[in-house]
Amino acid sequence: MSSSVPSSLLPPSPAPSTPRPGGPQRRYKLETEVVYTESPDQYRSSSVPIYQTATFKQASGSEMGEYDYTRSGNPTRTQLERHLAKIMNASRVLAVASGMSAMDVIARLLRPGDEVIAGDDLYGGTNRLLKYLSTNGGIIVHHVDTTSISAVTEKLNDKTAMVLLESPTNPLIKICDIPTITRLVKDTVPNAIVAVDNTMLSPIAQNPLDFGVDIVYESATKFLSGHHDLMAGVIAVNDEKLAEKLFFTVNATGCGLAPFDCWLLLRGVKTLAIRYEKAQNNAQIVAEYLEGAGFKVRYPGLESHPQYDLHWSMARGAGAVLSFETGSVDVSERIVESARLWGISVSFGCVNSLISMPCKMSHASIDPKVRAERALPEDLIRLCVGIENASDLVEDLKHALFQAGALKTDSELSC
Ligand SMILES: *Cc1c(COP(=O)(O)O)cnc(C)c1O
């Protein structure tokens, strides 16, 4: 990656690309930005090269090069981080080994005695990590219903070090008012960090950094990469001091994303906009079908969603994850097992459609008693919609519903 300007001297985040350098500062739209990359590669390669190396030689004993050790930095990772920073409106992005690794890096900002306010419908892995920290790290965690602003503000005090939000939540698809909560936290406890897990929507549909939150992180295993062929996490910030603290942990613990995975993720990001749009259109069709068939469906693309207006005040899209209830755990199990196009799998954001029962799969690590307290229905089915043909998806689901006895008559079965 030799070029006249070493990439370490470039700002971590490139200035927004404009159609004409020096021209009016009109930004390209996100669909353009995700595919447009500027690489300082000496051979002008169209695809960023994979620097599959652990070490870099120094020119002499005393001259440190731009890179020395891949744990600390690697040119492929730098290109990925700069590209993502541009898309996420961040001054700095860090790419790490997984979404949970991103959460772990963020959690290491905490000290014993610190209090964390987090949602009560959190991603299962986040819940598990917070539990570990409260058992072993002296961190006090308050799980509250983050759809209620007062439930969050009631817990704010001078020990509050972090407020952790997800919107929509998963699998209950609850929406929380990120801008208002962020403002209230900043007014009450200015040093508390607001961090948002934006995995469910991706930067295409929502960018919480624009609402003034301190940290946005995502599991890049989901939409950003899109093919379920790699694990990665990204952390995006606009504060250089905070970026340095987070980078310290990445370097100290060695969780930076490996060169090959950086390359795969860069490739995946290029199709993010088109994959996301297709998956979301499909999700809307599936959600409308299920609601029309009489099921209780949770999806922010449906006007029946209790926080429809709030969602659309923050987001540009409804995402591709929805959940519905059948009234019976047995029926739900049969539906999941009767589907064919819908693979039985945890996770989402993949080109393929997936079906799961959160209580038996992704959220099984949460104590059943806690699940009940948090009103997580045991019969809940989660659908993570992919980019297949929409009527194939609906037909397959219809067939599964019929097989499982969730639809009684042929008329319900015909389109
Ligand atoms: C998958 C996921 C994570 C964890 O990411 P991994 O890449 O699996 O470690 C965190 N938050 C949300 C909302 C997720 O969906």
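A cavity here is a set of grid points where a 1.4 Å probe fits but cannot get out, and its lining residues have an atom within 4 Å of such a point. Keep that in mind as you work through this predicted model.

**Exercise 1. Find out how many cavities the structure holds, and describe the second largest.**

Step 1. Searching the whole structure turns up four cavities of 30 Å³ or more.

Step 2. Turn to the second largest, which has about 60 Å³ of space.

Step 3. List its lining: Asp120, Asp121, Leu122, Leu172, His363, Ile366, Val370, Arg371, Arg374 and Leu376.

Step 4. Sort these residues by kind. Five are nonpolar, one is polar and four are charged.

Step 5. Ask which domains supply them. Domain 2 (100-210) and domain 3 (272-413) each give at least three residues to this lining.

**Exercise 2. Describe the surroundings of the ligand and its polar contacts.**

Step 1. Look for the residues around the ligand. They are Ser98, Gly99, Met100, Tyr123, Asp197, Thr199, Ser219, Thr221, Lys222, Met231, Ala232 and Phe348.

Step 2. Sort this shell in the way you sorted the lining. You get five nonpolar, five polar and two charged residues.

Step 3. Check the domains. At least three residues of the shell come from each of domain 1 (1-98 + 221-270) and domain 2 (100-210).

Step 4. Pick out pairs of N or O atoms within 3.5 Å. Asp197 places a polar side-chain atom 2.6 Å from a nitrogen atom of the ligand. Lys222 has a polar side-chain atom 2.6 Å from an oxygen atom of the ligand. With Met100, a polar backbone atom is the partner, 2.9 Å from a ligand oxygen atom.

Step 5. Consider how much of the ligand is covered. On its own the ligand would expose 380 Å², and the protein buries 95% of that.

**Exercise 3. Locate two cis peptide bonds and a residue with positive phi.**

Step 1. Recall the usual case: most peptide bonds are trans, and most residues other than glycine have a negative phi.

Step 2. Go to the loop between β4 (160-166) and α6 (178-188), where Pro168 is found. Ser167 and Pro168 are joined by a cis peptide bond with omega of about -5 degrees.

Step 3. Stay in the loop between β4 and α6, which also holds Pro171. A cis bond links Asn170 to Pro171, and its omega is about 10 degrees.

Step 4. Now move to the loop between α1 (30-35) and α2 (75-87), the place of Arg44. Arg44 is not a glycine, yet its phi is positive, near 55 degrees.

Conventions: Residues are numbered from 1 along each chain as its sequence is written. This is a predicted model: local features need pLDDT of at least 70, side-chain atom pairs count only at pLDDT 80 or more; totals for chains, interfaces and linings use all residues. Side-chain values use heavy atoms; hydrogens and water are left out. A residue is near a molecule or strand if one of its heavy atoms lies within 4 Å of it. A polar contact is a pair of N or O atoms within 3.5 Å; within protein, one must be able to donate a hydrogen and the other to accept it, and residues adjacent in sequence count only if both atoms are side-chain atoms. Accessible areas come from the Shrake-Rupley method with a 1.4 Å probe; for residues, only the protein chains shown count as cover. Ala, Val, Leu, Ile, Met, Phe, Trp, Tyr, Cys and Pro count as nonpolar, Asp, Glu, Lys and Arg as charged, and the others, Gly among them, as polar. Domain bounds come from an automatic or database domain assignment. On a 1 Å grid over the protein atoms alone, a cavity is a set of points where a 1.4 Å probe fits but cannot get out, and a pocket is an open set with protein on both sides within 12 Å along at least five of seven lines; lining residues have an atom within 4 Å of a point. Grid points are joined across faces, edges and corners, and a volume is the space filled by probe spheres set on the points. Helices (H or I, at least four residues) and strands (E, at least two) are DSSP runs, numbered from the N terminus.
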